Amino acid sequence: MANRTLNIGFIGNGKGTNRYHAPFSLALPDLFSIKTVYARHLGGPWAQIPGTEYTTDLDAMLADPGIDIVEVSTPISTHYDLTKQALLAGKHVVCDKAFVRTVAEAEELFALAEEKGVTVQCYQNRRFDSDYLTARMVAESGKLGRIYEIVTHYDYWRESFFQMAHEDPYHWAAGIVYGHSCHCVDQIIDWLGIPNRWHAEARQLCGAGHPEMYFDFDLYYDDVNIKATAASSYLAAIQRPSFEVYGERGTFIKVEKDQQERDLKKFYLPVGHDDFGLDTPEQYGTLRYYDEDGTFHEERVETVRSTYSAFYEALYQTVANGAPQLVKPEETIAQLRILEDATKDLT
């Protein structure tokens, strides 16, 4: 497959495909082409992608020898079955977060991919969030000295979700743990590796029988004496900082989250917009530290420029050239252990 354009077939024609996937593969026309989009029902609010076939026949799409990669962008509860179906068809697969529900399901899919000689990985695009990459850059600069704590939040105010939760019975796929904590946990695992131990709490703020709307995970890295905390709520009218990094010499705080999602929600897409996802100076993080001479410094740190297309660049190297996949099976399995632990006692 080296040195040729790879063809993608999407399962799903909703927000995931059209907002978080397609714009970033389309930004790499020398590497990828979207050949087919499957959905049970065609139509809806999203404009069709020029040159792409739209179909309601999933079997036909999976049997198409011209499709190299299948991307599963559907509700979480369907991920296991659809990913397995695509793997059985001999396709490389990228599946939206949170991949699947359990470690056992993930292990089965990774084993099946190996048997079929293809790859499967979770779409962890937020490894390329600009706030996350900026926090890492500051930590790696050495200005903070030895890092002992990292805190990340992914807060929202979702009153509509709160109201809906009163009407709907609890379902594992509906809550914040499988819906959003997977982003934060994956960033920490990507940064620091798999934790030695953890404490995972999820709360059903509407009471038993409703989706959880709050999580607080502490991940411990005993070998480097770092605690990383990921905590978020769907009922945060004032959002907490996106990233806090604490070191022996100082602190870095980045309040604003990555700009890419906000641009996408306005249909302001990466192709044709040079300022897509770009922070303004007012959104930069603040770094305060004492240098080796004891002199105090305060700086505004320009946000790292990033794009979710970087996931697709790595995907191309994996599928076309055999490079190790970006999101490794052991990382996904470690994340799912934490998510399962957090939700095991919810009723």
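1. R136 and E140 form a salt bridge, with the closest N and O atoms 3.4 Å apart. This is a predicted model. The two residues sit 4 residues apart in helix 5 (residues 130-141), so about one helical turn separates them. E140 is exposed, at a relative accessible area of 55%.

2. The D155 pair is another case. D155 forms a salt bridge with R240, and the closest N and O atoms are 2.8 Å apart. D155 lies in the loop between strand 7 (147-153) and helix 6 (159-167), while R240 lies in the loop between strand 10 (226-233) and strand 11 (243-247), so the bridge ties together parts that are 85 residues apart in sequence. D155 counts as buried because its relative accessibility is 1%, under the 20% cut-off. R240, at 31% relative accessibility, counts as partly exposed.

3. Back to R136 and E140. Both belong to one network, joined by salt bridges that share partners. Its other members are R127, D186, D190 and E331.

4. How many salt bridges does the count come to? The count comes to 21 salt bridges. Among them is K84 with E108, where the closest N and O atoms are 3.0 Å apart. This pair links distant parts of the chain: K84 is in helix 3 (residues 79-88) and E108 in helix 4 (residues 103-116), 24 residues apart. K84 is partly exposed, with a relative accessible area of 27%. E108 is partly exposed too, with a relative accessible area of 34%.

5. Next, the cysteines. The disulfide count comes to 0. C122 is in no disulfide; its nearest cysteine sulfur belongs to C95 and is 6.3 Å away. The cut-off is 2.5 Å between sulfur atoms, so that pair does not qualify. C122 counts as buried, at 1% relative accessibility. C206 is in no disulfide either, and the nearest cysteine sulfur, that of C182, is 20 Å away. C206 is buried, with a relative accessible area of 15%.

6. Which residues touch the most other members of the largest nonpolar core? They are F99, F217 and V245, in a core of 71 residues. Helix 7 (residues 176-192) supplies the largest share of this core, 9 residues. In soluble globular proteins, nonpolar side chains tend to be buried together.

7. F99 deserves its own entry. Apart from neighbours within four places in sequence, F99 is in contact with H79, A106, L109, F110, V120, Q121, C122 and T332. C122, one of these contacts, is the buried cysteine from point 5. H79 is another of the contacts.

8. There is also a second, separate core of 27 residues. Its members include L6, I34, Y308 and Y312.

9. Last, a polar residue: is N18 buried or exposed? N18 is buried, because its relative accessible area is 11%, under the 20% cut-off. N18 lies in helix 1 (residues 15-26). The N18 side chain makes a polar contact with the side chain of N13, at 3.1 Å. Not counting residues up to four places away in sequence, N18 touches N13, P23, W46 and A47. N13 thus appears both among the residues touched and as the polar partner.

Note on methods. Residues are numbered from 1 along each chain as its sequence is written. This is a predicted model: local features need pLDDT of at least 70, side-chain atom pairs count only at pLDDT 80 or more; totals for chains, interfaces and linings use all residues. Side-chain values use heavy atoms; hydrogens and water are left out. Buried means under 20% relative accessible area, exposed over 50%, partly exposed in between (1.4 Å probe, protein chains only). A polar contact is a pair of N or O atoms within 3.5 Å; within protein, one must be able to donate a hydrogen and the other to accept it, and residues adjacent in sequence count only if both atoms are side-chain atoms. Contact means heavy atoms within 4.5 Å. A salt bridge is a side-chain nitrogen of Lys or Arg within 4 Å of a carboxyl oxygen of Asp or Glu. A nonpolar core is a set of buried Ala, Val, Leu, Ile, Met, Phe, Trp, Tyr and Cys residues joined through side-chain atoms within 4.5 Å.
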